Amino acid sequence: MEDNQEDLFLGEEDPWYGQEMADTNLKVATYTNPADDTVDVYEELEEEDTVVHLENVHKTYLLGLEGVPALRGVTVRIKRGEWVTIFGTSGGGKTSMLNIIGTIDKPTKGEVKLCGIRVNNKTADERLAFIRREKLGFVFQTFNLLSSMTALENVEMPMILAGKLGRGAIRARARELLAQVGVGHRAGSLPNMLSGGEQQRVTIARAMANNPSLLLLDEPTGDLDTRNTDIVITLLKKLNEEDGISIVMVTHDVALKNFGNRVIMMRDGKIASIRRVPKDKREESHRLLAGALEEFDALATEEATHE
């Protein structure tokens, strides 16, 4: 899919545009379609509808004696069941923003609420561990599977740490999750026996083990080929639309920008723009994705027939 990175820096010349600037107190973003003069207002969310709330969040890292700002006054709300894609150039702050949302880092200043739980720079590590274990699921570019454990055992691990289910129930759920992502037949395989696409699907199954409210993905397709990228995005679509899982995904791949509900563009540690993706564009992206997968499957079947 051909695209242009500059399309992400939106302004009034774009048919669909909207801004919710980080250095203002703006809580309502207005999106205008000049083609029919309609206005779609993204209303300020009630707390119970909000899964992520960042208010004037700053993050500064110490490099020797010097402070390096990574986030500079980020304000955004993400509603329950929404799929938000974060874009930005290297060093723009997108990974720092994801790390704050994932409680991997604490904010230097500002307010963070995750699933109604307040987080700041004084929040105890035990509290953060609880949020990560009970509320969040993580998917990384490099998979981060435990190399000495099978796919099944990797998926079981978060449930064992949570301590809510018995051994039999944990094993049954892990098998069910692996089957749902299409790698049930690889349950007994170690990570080094799996392809990149299979490893990422195991990672998604592991992320869903404790029924998280929010799934965080850092370049989930960065190490995958086109077919496996399509498979992973199809899985995310199902989790979002059918299971109601909120998704925040960081990516460099502009071909993925229209699969979610909104696109956040990060630049110099601030939100440069927030764009709502029109429903017809999302549906078109998913139709093209389904067609591509059908073509891949048809080609694979044809090749197998001729072998």
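Four strands of this predicted model line up as an open sheet, in the order S4-S3-S6-S7, with antiparallel pairing. Strands S4 (66-79) and S7 (117-119) sit at the edges with a single partner strand each, so one side of each has no neighbour in the sheet. On average, neighbouring strands here are turned by 25 degrees against each other, direction ignored.

**Inside the sheet**
- Take S3, residues 50-63: it pairs with S4 over 11 bridges, in the antiparallel sense.
- If you want a spot to look at in that pairing, Lys59 stands opposite Leu71 in S4.
- Lys59 also lies over the face of Tyr61, 5.1 Å from the ring centre.

**Helices packed on the sheet**
- Helix H1, residues 94-101, packs on the sheet and touches S3, S4 and S6 (109-114).
- The direction of H1 makes about 120 degrees with that of S3.
- Helix H2, residues 125-135, packs on the sheet too, and its contacts are with S6 and S7.
- For H2, the angle to the direction of S7 is about 135 degrees.
- Strand S6 therefore turns up in both lists, touched by H1 and by H2.

**The aromatic pair**
- Searching the whole structure turns up 1 aromatic pair.
- The partners are Phe138 and Phe140, and their rings are stacked, with 6.0 Å centre to centre and 0 degrees between the planes.
- Two numbers are quoted because a pair of aromatic rings is described by the distance of the centres and the angle of the planes.
- Phe138 has 17% relative accessibility, so it counts as buried, the cut-off being under 20%.
- Phe140 comes in at 24% relative accessibility, so it counts as partly exposed.

**The chain as a whole**
- The protein chain has 307 residues, and 49% of them count as buried.
- Its secondary structure adds up to 7 helices and 12 strands.
- Look at contacts between residues at least 6 apart in sequence, and 68% of them join residues at least 24 apart.
- The accessible surface is about 14,900 Å², and carbon and sulfur atoms account for 49% of that area.

Notes
Residues numbered from 1 in each chain as written. Predicted model: local features only at pLDDT ≥ 70, side-chain atom pairs only at ≥ 80, totals over all residues. Heavy atoms only, no water. Helix = DSSP H or I, 4+ residues; strand = E, 2+ residues; numbered from the N terminus. Buried < 20%, exposed > 50% of the residue type's maximum accessible area, 1.4 Å probe, protein only. Contact = heavy atoms within 4.5 Å. Areas by Shrake-Rupley, 256 points an atom, 1.4 Å probe, with all protein chains shown as cover. Pairing = 2+ DSSP bridges. Axes fitted to C-alpha atoms, helices over the stretch in contact; angles between N-to-C directions. Phe/Tyr/Trp six-rings, centres within 6.5 Å; stacked < 30°, edge-to-face > 60°. Lys NZ or Arg CZ within 6 Å of the ring centre and 35° of its normal.
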